[in-house]
Amino acid sequence: MIAEIGLAALWLAAALALLQMVSGGFALKATETGAINPLAIYARPAAVVQAFLAVLAFILLLWAFAITDLSIKLVADNSHSMKPMIYKLTGTWGNHPGSMLLWVGVLALSGGLLAGFEKRLPEKTMGATLAVQGFVALGFYAFLLLSSNPFERLPVPPLEGVGLNPLLQDIGLAIHPPTLYAGYVGLSVAFSLAMGALLTNQVNPAFARVMRPWVLGAWVLLTFGITAGSYWAYYELGWGGWWFWDPVENASLMPWLAATALVHSVAVLAARDALRTWTIMLGVLAFSMSMLGTFLVRSGVLTSVHAFAVDPARGAFILGLLGLYIGGAFTIFALRAGAVSEGKRFSVSSREGALVFNNVMLSAILAIVLLGTLYPLVTEVFDVRVSVGPPYFNPASAIFAIPMFLVMAVGPLLRWKEDKPARLQFEVSLIAAVLISALALASVMGDIPFLPLLGLGLAAALAVAAVLPLRGRKLTRVPTATWGMVLAHFGVAVSLFGMACEGAFTQERLAAVAPGGTEQVGDFAVTLQSVSPVAGPNWTAIEARIAVSRNGGEPVILSPQARNFWSPAQATSESALMTRWDGQLYAVIGNQAEDGRWQIRVWWKPFVTFIWYGGLLIALGGVLAIAGRVRVDVKRRSAVRQGDARRADLEALDAAAPMPAE
Amino acid sequence: MKAKHQRLILVIAALLAIIGAGLIAAWTLRNQANYFYLPEQMAAEPPSEGQAVRLGGMVRPGSIKTEADGVTVNFMVTGNTDDAIPVRYSGILPDLFVEGSGVVAEGSLGPNGVFIATNLLAKHDENYVPKELEGMGTEQAAKMAADTTVGLTQ
């Protein structure tokens, strides 16, 4: 019954999405009296009920995975009764239809939240927004129901399921895709709002304030998802790298770059009523990038761990949706953008000016990543097989990232609208001094490659610049949102420092070692004590016992494994990590040579953890910004309410006051 | 600045930056894209020394030799013809890297015609075939792809 109820819920939700789209569309057609069209009132309830149904469908699938209902094809293909419960549950979205169901579930949920709680926008704009949201949802319902039904039954249930790709049996999988999806979907809400505002000519600060929490929320989730994904790839793939410029990683980076630009431009729109068209354009771009990301990951167009689906029909379907949405959005943008009147102006040396510069730099980096990601797909059509990796991405994106970081150091110190650079003499010289001395110090320390060297200098300068906006202010009176900005910018410095250190100072040792043998990497003596077989619930492994001692200190035992899963049959390398405040020791075990020695590979990566600490700080900064904005908003609403109440009281008192006796 | 001008200047600046990014991308891609070679292609038209490329084919049976350090292996990669390219790799071998299996080696040609691999992509799980080995057209390649090779990510 579970599957049938789930499927029925999905069909009903799809019907409601259609209703939401049509009814919302009527909002654009005002009645003769100018009042809201009576046919438009169904959009909000449709969105709310749809959210319930789509979430219900997802919960039912979750339940089917929890009890391993093998009569459902998806469960039989992707699960196994012997799997630990947590991976049974995460397996729900570790496959194509399940992850798409999660996608629409989150999409419907955010549509429902928007419809249920957002009352600040004019009804007309809201109707148009919900219509666009319904249109986007409808495409995905069609995709799910017509080409990848997650609830499909098997005529004869198998005795046992096939299992889940072992690389994906990891806690990283539990949090990484759902956060990214939620981020993608948050951008779709931002997109719907942008379209609604564009269609009803409401591109103004009030609209920006409505859009901002969605953009910030999506951006926080993407930041967190990318950070988690990077750490997952780092420890799970056993290659010692933290970013591979894999197309799937790029698919999440591109929406993030667009969302980062959007977060800043929507802030300008909300605070200064400038950058109107640009904000709408970025909204369309961010959503297009998240659609493109979904297409790249979901269509099987890439050969990669993440691209589970190898089904051209599905790919064509998503490509069709992609073309429809992106093409439609840019068409509406092109037709309507001219009608958006220009916002407030500003001079080049102003905070807006710096933000615009960095917006453009982010867009340029986005273009670099986009072209590098699509290039192999394009050449393949002409039967030329290429792959594009760090030698392209690193220098090409650095060309734009370096000026961006420099402007980012100064931008927050500038005043809105117009500022005299001379006013910032002290700050700019301080930042320059830190930059130059960090560069000098780093180049004295050793022969460091160019980009990591620059990274070290910029990280130091950015760290100092990030806290400069607090100078001369009473810390207890600094708004929460400003703390958010400071924290996020400081996080960029921390992350950059980690990346630069990893690039500059990593030490590696690869050797064949007999049990009892010792190798040296950096300050660490690494002794292979023993190698023994071990077994887990659904795997067997060779486990090494490696004693690591720093400068002759107390040894720590690491146990890297080479695992063999049996359902499905696959081998993985489980790295062992030793985390210290100043870095991480990373060990993997390889094969046994004929003479009985074991291959071990050990890296000492100074400050590598700062990459992810920085990512978390950036996300936390975003959370603070949301919290600050929401608090201010709630305060303002309650102040208005109190003021109204007091005024009403006074009026009542006036009315009741007895006339003074003559 | 007149009212219309600022927006125009912004649009032009943004366009210039994006076009610049496009040009830089095109130029860098031409130089840095990592081309895929079959052994016979590499024998006929070798890439320039040190240029990052990928080499894909089959590990010739009996050709895997491990050096005394225990971590460096040398082997020959063959394709659809008799051409064979010697490959040298230091590192942990993919789990199911064996003689006769398909492999994609990332790296560059060294001065003595030996391909120095920095990364080997070989069988990793049952369902994947490195894209490069798909549709190689010959029986051998098909067999290789069907029952031996599979790629890691990237």
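Helices are DSSP runs of H or I with at least four residues, numbered from the N terminus. In the predicted model described here, helix 8 of chain A is followed by A:Gly238, whose phi is positive, near 70 degrees.

Helix 8 of chain A covers residues 205-236. At 1.5 Å a residue, its 32 residues should span 46 Å, and the C-alpha atoms at its two ends are 45 Å apart, which agrees with that expectation. The helix nevertheless has a kink of about 35 degrees at A:Met211, shortly before the proline A:Pro213. Of the 32 residues in helix 8 of chain A, 25 are buried, so this helix is largely enclosed by the rest of the structure.

A pair of helices was examined in the same chain. Helix 1 of chain A (residues 2-26) and helix 2 of chain A (residues 43-66) have axes that come within 8 Å and cross at roughly 160 degrees. Angles over 145 degrees count as roughly antiparallel, and helix 1 and helix 2 of chain A are therefore roughly antiparallel to each other. Their crossing is left-handed.

A hairpin is formed by strand 3 and strand 4 of chain A, with 2 residues between the strands. Strand 3 comprises residues 518-521 and strand 4 comprises residues 524-535; the two run antiparallel and are joined by 4 bridges. Within this pairing, A:Glu519 stands opposite A:Val526 of strand 4. In the same hairpin, A:Gly522 takes a positive phi near 60 degrees.

Notes:
Residues are numbered from 1 along each chain as its sequence is written. Chains are lettered from A and ligands numbered from 1 in the order in which they are written. This is a predicted model: local features need pLDDT of at least 70, side-chain atom pairs count only at pLDDT 80 or more; totals for chains, interfaces and linings use all residues. Two strands pair if DSSP finds at least two bridges between them. The expected span of a helix is 1.5 Å times one less than its number of residues. The bend at a residue is the angle between axes fitted to the seven residues ending there and the seven starting there. A residue is buried if 20 or more other C-beta atoms lie within 10 Å of its own, exposed if 12 or fewer, and partly exposed in between; C-beta atoms are placed from the backbone. Axes are lines fitted to C-alpha atoms, for helices over the stretch in contact, and angles run from 0 to 180 degrees between N-to-C directions. Angles under 35 degrees count as roughly parallel, over 145 as roughly antiparallel, 65 to 115 as roughly perpendicular and the rest as oblique. A crossing is left-handed if the near helix is turned anticlockwise from the far one by less than a right angle, and right-handed if clockwise.
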